[in-house]
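Reader: Before we discuss charges and packing, could you put the structure in front of us?

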Amino acid sequence: MAFEDLLEDPVIQKYLHELVGPTGMPVAAAPPDGEVTDEELAEEMGLELNDVRRALFILYENDLASYRRVRDEDSGWLTYLWTFHYENIPENLEEEMHRLLEGLEERRSYESDHQFYLCEVDSIRFEFEEAMEFGFECPECGSPLESMENSRLVEAMEWRIDQLADELNVDREEAGAQA
């Protein structure tokens with residue numbers, strides 16, 4: 001998939017924005033063809049050099065950019081020539097989805113395996129053991145802790161887990177075993 005096609009996808013735009021933030025987004029959203037220096041990017045885009053370098057380093061950490069160093073023979077200065085590798089974005093997104101699936105499975109198990117109590121005044125949630133230690137009274141305001149029903153939360157997580165498992169073409173038992 002070409003850079004241009006990738007960058008028109010709102011999911012990819014959101015992914016890049018999450019990685020580099022608003023100050024780095026101009027760098028991520030306009031990858032040049034071939035090699036380019038950080039100074040050239042900063043000048044072309046009218047950005048601070050440190051913002052460009054930060055964005056490039058984040059892209060590098062996520063396998064979306066690489067560099068090669070060239071030493072100027074006269075001055076001895078190192079110049080970094082950057083190349084973008086956005087063909088790795090789909091694989092990176094799939095890895096993110098797997099991490100999300102594992103996290104949701106763990107959270108669903110936690111929510112299913114525990115009983116919770118809520119202070120409705122301060123909106124603080126306690127596990128049963130904590131609530132019992134406090135005599136089923138909120139330690140902040142002293143109001144009684146009420147048993148909290150979280151089955152709708154668990155159902156919502158189950159629904160999202162099913163969606164992710166379908167998107168990733170992962171068997172639900174496999175997804176549960178990964179958590």
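**Salt bridges and the nonpolar core**

Author: Glu105 is buried, with a relative accessible area of 2%, and this value, like the others here, is computed from a predicted model.

Reader: With which residue does Glu105 form a salt bridge?

Author: Side chains of opposite charge can pair when their charged atoms come close. Glu105 lies in helix H5, three residues from its partner, about one turn of the helix, and the closest N and O atoms of the pair are 3.5 Å apart. The partner is itself buried, at a relative accessible area of 17%, and the residue in question is Arg108.

Reader: Is Lys14, which meets Glu18 in a salt bridge, buried or exposed?

Author: The two side chains meet at 3.0 Å, N to O, and both residues lie in helix H2, four residues apart. Glu18 has a relative accessible area of 55% and is exposed. Because exposed means over 50% relative accessible area, Lys14, at 51%, likewise counts as exposed.

Reader: Which helix holds Glu91 of the negative surface patch?

Author: The patch is formed by Asp63, Glu91, Glu94 and Glu95. Glu91 is exposed, with a relative accessible area of 51%, and the element in which Glu91 is found, spanning residues 89–113, is helix H5.

Reader: Which element supplies the largest share of the largest nonpolar core?

Author: This core has 24 residues, and those touching the most other members include Leu16, Val20 and Phe84. Helices H2, H3, H4 and H5 and strand S3 each supply at least two residues. The largest share, eight residues, comes from H2.

Notes
Residues are numbered from 1 along each chain as its sequence is written. This is a predicted model: local features need pLDDT of at least 70, side-chain atom pairs count only at pLDDT 80 or more; totals for chains, interfaces and linings use all residues. Side-chain values use heavy atoms; hydrogens and water are left out. Patches are made of residues with over 30% relative accessible area and no salt bridge: like charges are joined within 9 Å, nonpolar side chains (Val, Leu, Ile, Met, Phe, Trp, Tyr) within 5 Å. Accessible areas come from the Shrake-Rupley method with a 1.4 Å probe; for residues, only the protein chains shown count as cover. A salt bridge is a side-chain nitrogen of Lys or Arg within 4 Å of a carboxyl oxygen of Asp or Glu. Lys and Arg count as positive and Asp and Glu as negative; His and the chain ends are not counted. The place of a charge is taken as NZ of Lys, CZ of Arg, CG of Asp or CD of Glu. Buried means under 20% relative accessible area, exposed over 50%, partly exposed in between (1.4 Å probe, protein chains only). A nonpolar core is a set of buried Ala, Val, Leu, Ile, Met, Phe, Trp, Tyr and Cys residues joined through side-chain atoms within 4.5 Å.
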